[in-house]
Amino acid sequence: MKFSRRDVEGAVAIDIKGKLTGGPEAETFREMFKDLVEKGQKDVILNLKEVDWIASTGIGIMIRGYKTIAEAGGRFILVNVGERTQQVFNVMRLYDIFEILDTEEEAIKSIAGS
């Protein structure tokens with residue numbers, strides 16, 4: 001898993017590439033959410049466009065990230081969720097937890113309107 005962070009109109013967009021699993025990058029990914037909240041950046045857009053696989057540990061990381069952001073009063077929005085990932089989310093009923101929009105532009109408008 002590789003990820004990069006960028007600021008977009010009052011939010012932070014995180015682009016993930018590859019497989020969202022455990023490993024050394026997972027701890028860095030987890031810590032990033034804590035760091036964002038500490039710096040007052042509470043709205044996060046997680047771009048899954050280039051994710052080709054999510055393991056159970058990856059889902060756990062996303063849920064922890066969501067919890068960290070939600071407890072700080074922010075929004076955690078997933079965008080560009082691929083078909084395979086949508087299937088996993090359906091089976092695990094993750095649509096009940098995560099706010100999921102089609103595009104980053106929709107997420108930015110949603111955050112601006114709240």
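How exposed is Asp35, in terms of relative accessible area? In this predicted model, Asp35 comes out as partly exposed, with a relative accessible area of 31%. The residue also takes part in a salt bridge: Asp35 pairs up with Lys39, and the closest N and O atoms sit 3.3 Å apart. Its partner falls in another class, since Lys39 has 55% relative accessibility and counts as exposed. Elsewhere, salt bridges that share partners tie Arg6, Asp15 and Glu104 together into one network. The count for the structure stands at nine salt bridges.

Another of these pairs links Arg30 with Glu27, with 2.8 Å between the closest N and O atoms. Here the helix helps explain the arrangement: both residues belong to helix α1, which runs over residues 24–38, and because they are three residues apart, about one helical turn separates Arg30 from Glu27. As for the surroundings, Arg30 counts as partly exposed at 26% relative accessibility. Glu27 is partly exposed too, its relative accessible area being 38%.

Then there is the pair made by Arg5 and Asp7, a salt bridge whose closest N and O atoms are 3.5 Å apart. Arg5 is partly exposed, with a relative accessible area of 40%. Asp7, on the other hand, reaches 54% relative accessibility and therefore counts as exposed, the cut-off being over 50%.

Terms used. Residues numbered from 1 in each chain as written. Predicted model: local features only at pLDDT ≥ 70, side-chain atom pairs only at ≥ 80, totals over all residues. Heavy atoms only, no water. Salt bridge = Lys/Arg side-chain N within 4 Å of Asp/Glu carboxyl O. Buried < 20%, exposed > 50% of the residue type's maximum accessible area, 1.4 Å probe, protein only. Helix = DSSP H or I, 4+ residues; strand = E, 2+ residues; numbered from the N terminus.
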